[in-house]
Each structure stands twice: as structure tokens, then as C-alpha cells.
Amino acid sequence: MRKTLQTVVLLGVGVVFATGVIVSSGQAADMSKDTAIKYILATAKAARTVYVKGIIGKAKKGGVSPNEDWVKEDHSIMLPAQYVKAIGAEIKDFELTLVGTNPLYSSNAAKTDKEKEMLAALASGKEKMVTFEDGNMTKGMSADFAIVEGCADCHNKHPKTTKKDWKKGDFMGAIIVRMR
Ligand code: HEC
């Protein structure tokens, strides 16, 4: 009899516990903006790496190369930076784009003093990713280095460049997320 009672009590506790788990798992996940931004930056970076290593590499073998004027030019696809910005353009809830220390286009310049300060912090190389409050926005940046010679070469030769001595390994800017 006592055993049966124990079983009933245990079962009851189990049901209450399970219900609690189901109910709480049915609620929206509670994630800080800071964590969300880190996940977004990591995903954007991974997408660009796959684009560079998987897609551009393979396309080149087939005679198709990245070209800034890819829309007009035959046998060309978008540059890695254009790829990140194109993903950002599809997103309405927050901004995803690139910032540069010496940007080719002013639209890719740091927008606030805080962004400049955080770019400088990333340039020191101590941290690869930062998140910070800036005005009424939460922002995050993931450092962008000239990982291959091609990054430096193309930026040095670009008609809009203000810096012609980029070299492999240089800190060039960051992928940035700006969220309200
Ligand atoms: C074939 C030319 C080319 C190559 C290769 C290239 N870029 Fe760029 N990059 C550009 C152009 C053009 C833009 C501006 C695109 C825009 O905003 O529409 C740009 C934008 C950027 C920006 C934003 C700031 C700015 O300069 O406007 C960063 C940061 C950047 N590139 C880093 C890199 C890195 C790192 C690599 C190598 C992994 C790389 N780029 C390879 C041409 C190139």
C-alpha cells in the first residue's frame, strides 16, 4: 500500500515537472541582445567563408570570377563584401554590413565615435569580436583581416582607394551588426 502511494506521489511529481518543462519550452527563448549579436556575427562570417572557399574557389575553375560589376558582367559573381551586404539588405530587423578603417566607399565608414573607438580596439588584435552600447543601439563587430594576398591587391588597385599599401595580414575593418 505504502509502495503504491510512493509510486503515485512520484508519478505526480513527474507529471508536474514534465508539464513545467513543456510549458517553459513553449515560451519564446530569452536571449540577450549581446548573445544574439554574437551568433549573428559568427553566422555571417561563416557564410562569407563558405562563399570565398566553397563558391568562389569552385566558380573560378569554371571561368567565373568575383567582380564588383557582376550584375552587368558576364561570367562574374559578387565580391565577398557585396555578398555580406546583400544578405544584410534582405534583413529588416537589424543592420548587417561591413565597416572599414580606410573604406573604399564612405557608406562603409564607421558611423559614430564609438564605432571608431571599437574598430581601434579590434585593430589591436587582443579581441576578435566586441559588442557595445552606442546611443540607443546595441552593436557588435567581428574583426576582418586581409587573410589572403588578394584582399590587399584588390583594395590597393581600386579606383576609390585612399590607401595603396595594404598587405596580407592587415586589419581592414569588421563585419558589423547594429540593433535597436
Ligand atoms: C576583387 C576585389 C576585392 C577583393 C578580392 C576583396 N575586396 Fe574588400 N571590397 C571590395 C569592394 C569593391 C568593396 C566595396 C563594396 C561595397 O561596399 O559595395 C569592398 C569592401 C570591403 C570592406 C568594407 C570597407 C571598404 O573598404 O569599403 C572590407 C572591410 C573589406 N572589403 C575587406 C576585404 C577582405 C578582408 C578581403 C579578403 C578576404 C577583401 N576585402 C577582398 C573589393 C575587394
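The following legends accompany close-up views of the ligand and its surroundings in a predicted model.

**View 1. The ligand within the largest pocket.** The ligand occupies the largest pocket of the protein. That pocket holds about 1,100 Å³ of space. Its lining is made up of 37 residues, and those lying nearest the centre of the pocket are Arg48, Pro80, Ala81, Cys151 and His155.

**View 2. Elements that line the largest pocket.** At least two lining residues come from each of α2 (33-61), α3, β3, β5, α5 and β6 (171-179). Helix α2 makes the greatest contribution to this lining, with seven residues. By residue class, the lining of the largest pocket comprises 21 nonpolar, nine polar and seven charged residues.

**View 3. The shell of residues around the ligand.** The ligand is surrounded by 20 residues, of which Lys85, Asn108, Cys151, Cys154 and His155 come nearest. The shell contains 12 nonpolar, five polar and three charged residues. Helix α5 gives the most to the shell around the ligand, namely four residues.

**View 4. Polar contacts of the ligand with Lys85, Asn108 and His155****.** A polar atom in the side chain of Lys85 is placed 2.7 Å from an oxygen atom of the ligand. For Asn108, a side-chain N or O atom is found 2.7 Å from an oxygen atom of the ligand. In the case of His155, an N or O atom of the side chain lies 2.9 Å from a nitrogen atom of the ligand. Two or more residues of the shell around the ligand are supplied by each of α3 (80-90), β3 (95-100), β5 (137-145) and α5 (149-157).

**View 5. The iron atom of the ligand and His155****.** The protein provides a single donor to the iron atom of the ligand: atom NE2 of His155, at a distance of 2.1 Å. His155 belongs to helix α5. This residue is also among those nearest the centre of the largest pocket, and its side chain has an N or O atom 2.9 Å from a nitrogen atom of the ligand.

Key
Residues are numbered from 1 along each chain as its sequence is written. This is a predicted model: local features need pLDDT of at least 70, side-chain atom pairs count only at pLDDT 80 or more; totals for chains, interfaces and linings use all residues. Side-chain values use heavy atoms; hydrogens and water are left out. A residue is near a molecule or strand if one of its heavy atoms lies within 4 Å of it. A polar contact is a pair of N or O atoms within 3.5 Å; within protein, one must be able to donate a hydrogen and the other to accept it, and residues adjacent in sequence count only if both atoms are side-chain atoms. On a 1 Å grid over the protein atoms alone, a cavity is a set of points where a 1.4 Å probe fits but cannot get out, and a pocket is an open set with protein on both sides within 12 Å along at least five of seven lines; lining residues have an atom within 4 Å of a point. A molecule sits in a cavity or pocket if more than half of its atoms lie within 2 Å of its grid points. Ala, Val, Leu, Ile, Met, Phe, Trp, Tyr, Cys and Pro count as nonpolar, Asp, Glu, Lys and Arg as charged, and the others, Gly among them, as polar. Grid points are joined across faces, edges and corners, and a volume is the space filled by probe spheres set on the points. Donors are N, O and S atoms within 2.8 Å of the metal (3.2 Å for Na, K and Ca); water is not among the atoms, so sites may look incomplete.
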